[in-house]
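This report looks at a predicted model. Charged pairs come before strands and core.

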Amino acid sequence: NKSIGIKNLNLNTLHYDFRAEQFNILDGIFSGNGNLIAIGKWDGTAKVWNTKSKILVNQYERHGDYITSIDISKDNEYLITAAADNTIKIWDIYSGKELRDFSSSDFHTTKVKFDNFKNQFFTSYAGGNVKLWNTEQKDYLKEFVGTSGQIFDMKISDDGEYLVTGNFDGLFNIWLIKTNSVINQVEKRGLFSLTPHQINQF
């Protein structure tokens with residue numbers, strides 16, 4: 001219904017409802033400390049709100065196609081957006097300025113994720129591959145291949161050593177980042193999102 005609800009899971013109550021969006025919302029994420037929430041929309045724009053003050057921090061204009069994924073850096077300074085036009089943009093959250101612009105020849109960027117700092121980020125694709133990028137370079141640093149099926153989510157371990165990707169075929173791959181190789185594979189059908197608790201279980 002073109003809105004975002006923040007719900008208290010312990011009390012099962014709706015904490016706040018962000019409404020009045022003109023276009024459908026395709027992705028959303030909290031910052032690590034929960035103070036910001038970011039959304040990516042069908043019209044190629046993104047927005048960030050302060051969850052405590054409920055004030056719009058900024059709007060980010062725009063990709064040439066709908067946004068497929070969005071993420072916030074650990075220090076709450078940068079926003080990264082990926083879109084169906086195969087572009088990836090990094091923004092200064094508070095000024096709204098576009099800092100970097102990347103493009104990929106791979107078909108359909110499904111997810112984008114900052115590493116545990118903010119100088120590198122990962123992108124995943126419909127073909128099942130993943131790429132690692134440096135925010136200061138136009139070309140990717142390394143590619144993770146060897147799986148099939150579209151990736152719907154990916155997360156990085158707290159120590160920054162492992163990457164977990166989930167595919168629509170029900171397979172979850174655990175990668176050792178420094179060697180970009182799969183070290184374990186787990187089948188969990190019917191799971192379409194990854195939480196830190198689930199990653200620790202892997």
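## A buried charged pair

Lys111 and Asp27 form a salt bridge in this predicted model, and the closest N and O atoms of the pair are 3.8 Å apart. The two residues come from distant parts of the chain, since Lys111 belongs to strand S11 (residues 109-114) while Asp27 belongs to strand S3 (residues 25-30), with 84 residues separating them in sequence. Both Lys111 and Asp27 are buried.

## Other salt bridges

The structure holds six salt bridges, and among them is one between the side chains of Lys89 and Glu98, with a distance of 3.4 Å from N to O. Lys89 counts as buried because its relative accessibility is 9%, which lies under the cut-off of 20%. Glu98, by contrast, has a relative accessible area of 33% and is therefore partly exposed. These two residues also belong to a network of salt bridges that links Lys89, Glu98 and Asp101.

Another salt bridge joins Glu136 to Arg100, where the closest N and O atoms are 2.6 Å apart. This pair, too, links distant parts of the chain: Glu136 sits in the loop between strand S13 (130-134) and strand S14 (140-144), whereas Arg100 is in strand S10 (residues 98-103), 36 residues apart from it. Glu136 is exposed because its relative accessible area is 57%, a value over the cut-off of 50%, while Arg100, with a relative accessible area of 32%, is partly exposed.

## Strand S16 and its neighbours

Strand S16 (residues 162-167) is mostly covered, as five of its six residues are buried. This strand pairs with strand S15 (residues 151-156) in the antiparallel sense over five bridges, and it is also joined by five bridges to strand S17 (residues 171-176), again running antiparallel. Gly166 of S16 is the bridge partner of Asp153, and Gly166 also stands opposite Phe172 in S17.

Both pairings are hairpins. S15 and S16 have five residues between them, and Gly160 in that turn has a positive phi of about 75°; S16 and S17 have three residues between them, and Gly170 in that turn has a positive phi of about 90°.

## A four-stranded open sheet

Strand S3, which carries Asp27 of the buried pair, also takes part in an open sheet of four strands, arranged in the order S3-S4-S5-S6 with antiparallel pairing. The edge strands are S3 and strand S6 (56-60), each of which pairs on one side only, and the twist from one strand to the next averages 15°. Within this sheet, S5 and S6 run antiparallel and are joined by four bridges, with Trp49 standing opposite Leu56 in S6.

## The largest nonpolar core

Which residues make up the largest nonpolar core? There are eleven in all, namely Leu36, Ala38, Ala46, Val48, Tyr60, Ile67, Ile70, Ile72, Leu79, Trp91 and Ile93. Strand S4 (36-41), strand S5 (46-50) and strand S7 (67-72) are the elements that each give two or more residues to this core, and S7 gives the most, with three residues. In soluble globular proteins, nonpolar side chains tend to be buried together.

Ile93, one of the core residues, shows how parts of the chain meet here: leaving aside residues up to four places away in sequence, it touches Leu36, Val48, Val57, Asn58, Tyr60, Ile72, Asn76, Glu77, Tyr78 and Leu79.

Key
Residues are numbered from 1 along each chain as its sequence is written. This is a predicted model: local features need pLDDT of at least 70, side-chain atom pairs count only at pLDDT 80 or more; totals for chains, interfaces and linings use all residues. Side-chain values use heavy atoms; hydrogens and water are left out. A nonpolar core is a set of buried Ala, Val, Leu, Ile, Met, Phe, Trp, Tyr and Cys residues joined through side-chain atoms within 4.5 Å. Buried means under 20% relative accessible area, exposed over 50%, partly exposed in between (1.4 Å probe, protein chains only). Contact means heavy atoms within 4.5 Å. A salt bridge is a side-chain nitrogen of Lys or Arg within 4 Å of a carboxyl oxygen of Asp or Glu. Two strands pair if DSSP finds at least two bridges between them. Axes are lines fitted to C-alpha atoms, for helices over the stretch in contact, and angles run from 0 to 180 degrees between N-to-C directions.
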